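Student: I am new to this structure and would like a close look at a single part of it. Could you take one strand and walk me through its surroundings?

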Amino acid sequence: MPKIIPDTLWELAAEEVRSRETEDGEEEEGEPLSERTVFLLGSKAGGKTSILLRCLDRDEATKPTLALEYTFGRRAKGHNTPKDIAHLWELGGGTSLSDLVQIPITPVSITSLSVILILDLSKPHALWVTMEKLLEVAQSQVEKVFSKAQQPQKSKPVAKHQALQSETRVLPKDYPDRELISPFPVPLLIIGSKYDIFQELNSDKRKVVGKTLRFVAHYYAASLIFTSIKSESLMSKTKSFFSHLAFGVDRSKTVSSDPTKPLIIPAGSDSFSQIGAPPTTDVDITSLHAKNPKDLWKKIYEHVFPPEKVNEQKELKDPAKDPQYSEPQIDAMRAQKDQELDQFKRNAAKTWK
């Protein structure tokens with residue numbers, strides 16, 4: 001019997017609702033709607049927003065990220081098919097607001113979560129501290145969510161696409177150095193930004209940064225790419241890696257490990273033997289007292305690029321004092337209220353004497 005085509009607006013609307021309900025049912029044979037979550041974090045003012053907008057083909061003026069911001073992207077699989085959706089979270093402030101990772105990393109998002117760490121190559125002295133802190137807090141939150149998923153769930157119906165997985169990612173048996181690495185619990189992409197400025201560094205220092213990030217990426221079973229928003233070619237390759245995480249499309253198969261060129265190393269295409277030993281031209285390894293290979297790379301890297309002073313980072317711990325978020329009228333009122341509070345405390349202290 002031929003299908004009757006509705007000819008009124010209300011009949012069309014009703015048919016659309018029935019169609020969507022059918023898509024949610026198990027008997028539907030078409031491709032299901034895909035929703036993924038991508039969490040971007042990294043160096044303060046490291047170009048996260050600029051890279052994200054370019055990957056989404058959005059021609060918008062960038063502005064400093066206020067704490068944690070959300071947007072989304074959509075991509076059609078084909079003609080007359082539902083668009084895949086990518087929920088995109090961006091953490092601002094570098095490491096100062098890392099506590100906010102608990103907002104995008106939740107039981108709802110964890111089943112389709114990927115993390116993109118963007119590191120500013122033009123500031124190598126802050127690179128290891130930023131990378132270590134952000135990966136640590138993100139991994140801790142991911143593992144906390146997975147741990148809760150393993151606890152007995154209350155007996156209530158849960159849709160298949162909402163069911164929590166209770167295991168972190170498992171690598172193939174033939175993954176290089178599988179027994180020697182510590183895979184990040186969800187897919188991870190490390191992007192080295194501002195490569196155009198990074199090129200101006202001394203070649204030996206560039207080699208230290210490149211080899212160190214290769215080690216870190218391989219250790220976490222992550223992909224690594226160096227990029228610059230001033231290079232259409234590099235941004236095209238960066239977009240390929242981004243789209244792979246956000247929409248599940250095939251990523252670029254290009255591999256470049258030449259230290260004189262931008263690194264492009266998909267996860268699984270590197271190995272410790274190819275990376276080689278840490279660059280130790282003027283330091284005695286035995287004097288470093290490293291606990292493990294990762295600690296050794298850290299000590300050697302920080303020997304070449306001493307980290308920034310901790311107190312300089314603590315000054316920006318309070319976002320209200322960060323010049324990035326300045327609001328003259330509000331700041332003036334805040335200063336006045338702070339003075340009034342100090343005066344109140346002094347008067348209160350006198351009455352108690």
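Tutor: Here is a tour that starts from one strand and moves outward to its neighbours.

Please keep in mind that this is a predicted model. The protein has 353 residues, of which 37% are buried, and its secondary structure comes to 10 helices and 7 strands. Our strand is β4, which covers residues 113–120.

Let us begin with how β4 sits in the protein. Of its 8 residues, 8 are buried, so the rest of the structure largely encloses this strand. Its side chains point two ways: L113, V115, L117 and L119 face one way, while S114, I116, I118 and D120 face the other, and all are buried.

Next, look at the sheet around the strand. It is an open sheet of 7 strands with mixed pairing, and the order across it is β2-β3-β1-β4-β5-β6-β7. The edges belong to β2 (68–76) and β7, each of which has a single partner strand, so one side of each has no neighbour in the sheet. For β4, the order places β1 on one side and β5 on the other. Strand β1 (residues 35–42) pairs with β4 in the parallel sense over 6 bridges, and you can find G42 opposite I118 of β4. Strand β5 (residues 188–193) also runs parallel to β4, joined to it by 6 bridges. Here D120 stands opposite S193 in β5. Going one step further along, β5 is joined by 4 bridges to β6 (residues 223–226), again running parallel, with L189 opposite S223 of β6.

Now turn to the helices that cover the sheet. Helix α2 lies across β1, β2, β3 (83–91), β4 and β5, and runs at about 170 degrees to β3. Helix α3 packs on the sheet too, touching β1, β3, β4 and β5, and its direction makes about 165 degrees with that of β4.

What lies in the interior beside these elements? The largest nonpolar core has 51 residues, and I105, L188 and L213 touch the most other members. Helix α3 (residues 124–149) gives the most to this core, with 10 residues. One good residue to click on is I105: leaving out residues up to four places away in sequence, I105 touches F39, I110, L113, A138, Q141, V142 and V145. You have already met L113 as one of the residues of β4. There is also a second, separate core of 21 residues, which includes L56, I191, F242 and A246.

From here, follow α2 away from the sheet to another helix. Helix α2 (residues 48–55) packs against helix α6 (residues 232–247) at an angle of about 80 degrees, with their axes 9 Å apart. That angle makes α2 roughly perpendicular to α6. Where they meet, I51, L52, R54 and C55 of α2 face E232, M235, T238, K239 and F242 of α6. By class, this contact has 5 nonpolar, 1 polar and 3 charged residues. Notice that F242 also appears in the second core.

For a last stop, go to the loop between α6 and β7 (264–265), where S252 is placed. Is S252 buried or exposed? S252 is buried, because its relative accessible area is 18% and the cut-off for buried is under 20%. Apart from neighbours within four places in sequence, S252 is in contact with S240 and P266.

Conventions: Residues are numbered from 1 along each chain as its sequence is written. This is a predicted model: local features need pLDDT of at least 70, side-chain atom pairs count only at pLDDT 80 or more; totals for chains, interfaces and linings use all residues. Side-chain values use heavy atoms; hydrogens and water are left out. A nonpolar core is a set of buried Ala, Val, Leu, Ile, Met, Phe, Trp, Tyr and Cys residues joined through side-chain atoms within 4.5 Å. Buried means under 20% relative accessible area, exposed over 50%, partly exposed in between (1.4 Å probe, protein chains only). Helices (H or I, at least four residues) and strands (E, at least two) are DSSP runs, numbered from the N terminus. Contact means heavy atoms within 4.5 Å. Two strands pair if DSSP finds at least two bridges between them. Axes are lines fitted to C-alpha atoms, for helices over the stretch in contact, and angles run from 0 to 180 degrees between N-to-C directions. Angles under 35 degrees count as roughly parallel, over 145 as roughly antiparallel, 65 to 115 as roughly perpendicular and the rest as oblique. Ala, Val, Leu, Ile, Met, Phe, Trp, Tyr, Cys and Pro count as nonpolar, Asp, Glu, Lys and Arg as charged, and the others, Gly among them, as polar.
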